[in-house]
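Visitor: Got a minute to walk me through this one? I have a few quick questions.

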Amino acid sequence: MPAAAVAATAVAVIAIYALRLDHAVGLIVDDAWYVVLAKALAEGQGFRLISSATAAIMPAVPPGFPAILSPIFLISSFPENLIWLKLVSVLAMLATGVVCWIDFTRYRDVPPAHALLLAAATVITPAFVFLATSTVMAECAFTLAQLLAVVLVERVARDRHASDRSAVIAGLAGAATILIRLLGVAVVGASIAYLLINRRWRQAAVLAGTVIVCMVPWQLYARAHQPTIDERVANGGTIAYSYQQLLAMRRPGDTRAGEASVTERIVRAGRNAADIAGRDVGAILVPSFYRGPSESGQELLSVVGGVSQTGSMGRGAAIVTVSAVLTALIVFGISRQRRDWLSMPALVIVASLLVIVAVGSQTFRYLVPLTPYLLLFFWRAFGSGAAARIAVLCVAGFNLIDHGLYIHQKLTGTPPWLAEFSENDEILTWMSEHVTEPGAVASTNPGLVYLRTGRKGVVYLFPEENQANWKAAGVRYIVALKPAELPPPSLKTRLLFRTKHRLWIVEM
C-alpha cells in the first residue's frame with residue numbers, strides 16, 4: 001500500500017477534526033456530568049456529583065471516562081482546559097483508525113487498501129466527529145477500548161501457544177470497556193464465548209477471572225456509596241439512577257410512571273429492534289440522508305424512535321427503506337462466509353444488540369461504537385473487489401461532502417449547534433455577572449450551570465411536586481438551558497432574564 005495514500009488519508013482525517021473542533025460543551029447534558037465527575041476526582045472529592053445541592057450522590061455512569069479526563073484538571077481548570085478534554089476523544093478516534101486497520105488486515109482478510117478505506121470511513125463518520133469535537137462524551141474512548149479488546153482476544157484465540165499473560169491483558173481491556181461504559185459487558189461476553197468456541201478453555205477462564213478481579217473494587221465502592229431512593233429523587237434526572245433501575249422504569253428517570261411490565265419490556269425490545277434496523281443503521285452509514293449538513297453529527301441526538309411515524313429526523317417510509325436495505329446488506333455480509341458467523345466482530349454485534357434492545361431511551365448512541373464492524377460487514381456483502389470499494393467510497397464520499405459543507409458553514413456563519421451553545425453561554429454569563437445573591441439552582445442542565453457559575457443545583461423536573469424539596473435544598477433560582485415554558489404560577493417566580501429562544505432565569 002503506497003505510503004502517500006496513508007499520509008493523504010491521515011492529513012484529511014486530522015484536517016476534518018481540527019476544522020470541526022469548537023468550544024461547545026455540555027449541551028448533551030451527559031457531557032457536563034462527565035466533566036463534573038472528572039473535576040471531582042482530580043480534586044480528591046471522590047466519584048460523586050459534587051454539583052448537587054442535596055447529597056453529593058454517586059452517579060449511574062461508571063468511573064472510567066471521568067478518570068481518563070481527570071488528570072487534565074491537574075494542569076488547568078474549566079473552561080480553559082476544554083480543548084484538552086476534547087483532545088482525549090480526538091486522539092481516541094485517530095487511534096481507532098489505526099487499530100481498525102490492524103484488525104482488518106491481520107484478522108479479517110481485508111486487503112490493505114480496502115482496510116485503509118474502511119478505517120477512514122469509520123473515523124470520519126459524522127457522529128464520531130461530532131462526539132469528539134462538539135461534546136465531551138465517552139463513546140470515542142469506548143470504541144477504542146472495544147476494538148483493542150477484540151484484537152487482544154483474537155490474538156489469544158489464534159495463537160495456540162498463547163500464554164495466560166495474553167489472556168490477562170485481554171481481560172484488562174475487557175474490564176476497561178465496562179468501566180468506560182457498561183455496554184462493555186457485551187464485549188466481555190462475546191470474548192468469553194469466542195474463546196470457548198475456539199476451545200481455549202483455560203484462556204476463557206483466565207480472561208473472565210481477570211475481568212471479575214478488576215470489577216470487584218468498583219462494585220464494592222458502588223455498593224458502599226449507593227444512594228438512597230430519596231437521595232436519587234431529590235437530585236433528579238437519569239444520572240441519579242442505576243442502569244438496572246433505568247431499564248426497569250416505564251420512562252427513564254420518571255419514578256412517577258412506575259416500573260415497566262414484562263409485556264411492556266418485550267414491546268420495547270421489539271420497537272428498539274425495528275428502530276435499529278429501520279433507522280439507526282442508515283443514520284450511521286448514510287447520515288446525510290437524514291438531515292442537512294448544518295446538523296452534521298446531530299443524528300446522535302435527533303434520530304428518534306417510532307419508524308412508522310413521520311415528521312422527525314429518521315422517520316418516514318424512504319428512510320426506513322434505505323436503513324432496512326443497509327441492514328439486510330450487513331446481515332448478508334455476515335452470512336456470506338461461514339467463518340464470519342461466529343467471528344469476534346459478529347459476536348460483539350449480537351451481544352451488543354441483546355443489550356441495546358432492552359434500553360428505554362435512544363438506541364442510536366449505543367449502536368455508534370459498532371460502526372467499524374457494521375462497515376466491515378457492509379463491505380463483505382459486496383465481496384472484496386471493485387464493487388466493495390465503490391460501496392465504501394460512496395459512504396466515505398457522502399461523509400466527506402457532509403463535513404465540507406458543515407465546515408464551510410462554520411467558517412462563514414453559525415451552525416445551529418454552535419448557535420445553541422452561544423445562547424447557553426449568553427444566559428450563563430449573564431447569571432455569573434448579575435445574580436449575586438446566594439442560592440442553589442434547579443436547572444435542565446445543572447452540571448453545566450455548576451461548571452460555569454459554581455452554583456450547586458438539582459435537575460428541573462416536576463416543579464409543582466418538587467417545590468418543597470427544592471426549598472429544603474436551598475434552591476432559589478430556576479434556569480432553563482433549553483427552550484421551555486416558564487414555571488407554573490404556583491411557584492410564584494420572578495423572571496430575571498430571558499433570551500430570544502425561550503431560555504430563562506427566574507427567582508423563586
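Visitor: Which residues in α8 meet α10?
Guide: This is a predicted model. In α8, the residues that meet α10 are D164, A167, V168, A170, G171, L172, A175, I178 and L179.

Visitor: And what do they meet on the α10 side?
Guide: R202, Q203, V206, L207, T210, V211, C214, M215 and W218.

Visitor: Where do the two helices sit in sequence?
Guide: α8 covers residues 164-180 and α10 covers residues 201-224. Their axes come within 8 Å.

Visitor: What's the crossing angle?
Guide: Roughly 40°. Angles under 35 degrees would count as roughly parallel, and 65 to 115 as roughly perpendicular. The pair α8 and α10 is therefore oblique.

Visitor: Left-handed or right-handed?
Guide: The crossing of α8 past α10 is right-handed.

Visitor: What comes just ahead of α10, in the loop from α9?
Guide: R199 lies in that loop, between α9 (184-197) and α10. Its phi is positive, near 60°, and R199 is not a glycine.

Visitor: Why flag that sign?
Guide: Because most residues other than glycine have a negative phi.

Visitor: Is R199 buried or exposed?
Guide: R199 is exposed, with a relative accessible area of 62%.

Visitor: What about D109, what's its phi?
Guide: About 55°, so positive in a residue that is not a glycine. D109 is in the loop between α4 and α5 (112-123). D109 is partly exposed, at 46% relative accessible area.

Visitor: Switching to peptide bonds. Cis or trans from F78 to P79?
Guide: Cis, with omega near 5°. P79 sits in the loop between α3 (64-73) and α4 (82-107).

Visitor: New topic: N424. Which helix holds it?
Guide: Helix α21, residues 416-434.

Visitor: Buried or exposed?
Guide: N424 has a relative accessible area of 2%, so it counts as buried.

Visitor: Which backbone oxygen lies 3.3 Å from a polar atom of its side chain?
Guide: The backbone oxygen of L481.

Visitor: What else does N424 contact, leaving aside its neighbours within four places in sequence?
Guide: L27, L448 and L503, along with L481.

Visitor: Last one, the strands. How do β4 and β5 pair?
Guide: In the antiparallel sense, over four bridges. β4 is residues 494-498 and β5 is residues 504-507. R494 has E507 as its bridge partner.

Visitor: How many residues lie between β4 and β5?
Guide: Five, and the two strands form a hairpin. In the turn, R502 has a positive phi of about 65°.

Methods:
Residues numbered from 1 in each chain as written. Predicted model: local features only at pLDDT ≥ 70, side-chain atom pairs only at ≥ 80, totals over all residues. Heavy atoms only, no water. Pairing = 2+ DSSP bridges. Buried < 20%, exposed > 50% of the residue type's maximum accessible area, 1.4 Å probe, protein only. Polar contact = N/O pair within 3.5 Å; in protein donor to acceptor, adjacent residues only side chain to side chain. Contact = heavy atoms within 4.5 Å. Axes fitted to C-alpha atoms, helices over the stretch in contact; angles between N-to-C directions. Parallel < 35°, antiparallel > 145°, perpendicular 65-115°, else oblique. Left-handed = near helix turned anticlockwise from the far one by under 90°.
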